[in-house]
Amino acid sequence: MRPVVPYENPQGRRVNALAVLAAPGTHRHAPLTWRTAPHPWKGEHVLAFLRQALPGRAGRPRSVVLDNASCHRARTVREARRELAARGIWLWYLPAYSPELNDIERTFRTLKHEAMPRRTFTATKTLTAAVETAFGQVKAQLTPSD
């Protein structure tokens, strides 16, 4: 007899993440910083995250490499580039279809396939908790022990 697997519509049970991965040797505390949300990211969310995750430090410029996600290319982000540059945050965009140039893609692959091999959840709350736990595990792997 064939097992019956009920269909579960994933509508409304999605968690999106924004993350910053510090280049090796450039961080003292957190090599990986992230935010999760059960809604799609918009340009204003990206800006708020960058401002919070990369607070201004005098004389310490930071380069942020972005892919071509619509929230990264949003008008609000493009219009904020001067203000971000004044804070020492420089935005650089990757060429289209070049995930191999984006270091954080390896981190996301590790997160999805190793830290979080089970990715089917019946509630957004449990999915969010699993994503947060997976990010914490990956961060622990990236953090050098003293």
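**Strand S4 and the charged pairs around it**

Val64 stands opposite Leu91 in strand S4. This pairing belongs to a predicted model. Five bridges join strand S3 (residues 62-66) to S4, and the two strands run parallel.

S4 covers residues 89-93, and Trp90 is part of it. Its side chains alternate along the strand. Ile89, Leu91 and Tyr93 point to one face and are buried. Trp90 and Trp92 point to the other face and are not buried. The general rule is that side chains in a regular strand alternate between the two faces of the sheet.

Trp90 has a relative accessible area of 41%, so this residue counts as partly exposed. Together with Val65 and Trp92, Trp90 forms a nonpolar patch on the surface. The accessible area of the three is about 330 Å² together.

Step back to the whole chain. The protein has five helices and four strands. From the N terminus on, the order is β-β-α-β-α-α-β-α-α. Of the 146 residues, 33% are buried.

After S4 comes a loop that leads to helix H4 (104-115), and Tyr97 lies in this loop. Tyr97 is not a glycine, yet has a positive phi of about 55°. Its relative accessibility is 81%, so Tyr97 counts as exposed.

Now the charges. A search of the whole structure finds three salt bridges. Glu83 forms one with Arg51, with the closest N and O atoms 2.5 Å apart. This pair links distant parts of the chain: Glu83 sits in helix H3 (residues 81-86) and Arg51 in helix H1 (residues 43-53), 32 residues apart. Glu83 also forms a salt bridge with Arg87, where the closest N and O atoms are 3.8 Å apart. Arg51, Glu83 and Arg87 are thus linked in a network of salt bridges. What is the accessibility class of Glu83? At 31% relative accessibility, Glu83 counts as partly exposed. Arg51, with a relative accessible area of 31%, is partly exposed. Arg87 is partly exposed, at 29%.

Another salt bridge joins the side chains of Arg106 and Asp103, at 2.7 Å from N to O. Arg106 is partly exposed at 42% relative accessibility. Asp103 is partly exposed, with a relative accessible area of 45%.

Other arginines form a surface patch. Arg73, Arg75, Arg78 and Arg81 make up a positive patch. Arg78 is found in helix H2 (residues 75-79). At 45% relative accessibility, Arg78 counts as partly exposed.

Conventions: Residues numbered from 1 in each chain as written. Predicted model: local features only at pLDDT ≥ 70, side-chain atom pairs only at ≥ 80, totals over all residues. Heavy atoms only, no water. Patch = residues over 30% accessible without salt bridge, like charges linked within 9 Å, V, L, I, M, F, W, Y side chains within 5 Å. Areas by Shrake-Rupley, 256 points an atom, 1.4 Å probe, with all protein chains shown as cover. Salt bridge = Lys/Arg side-chain N within 4 Å of Asp/Glu carboxyl O. Lys, Arg positive; Asp, Glu negative; His and termini not counted. Charge placed at Lys NZ, Arg CZ, Asp CG, Glu CD. Buried < 20%, exposed > 50% of the residue type's maximum accessible area, 1.4 Å probe, protein only. Pairing = 2+ DSSP bridges.
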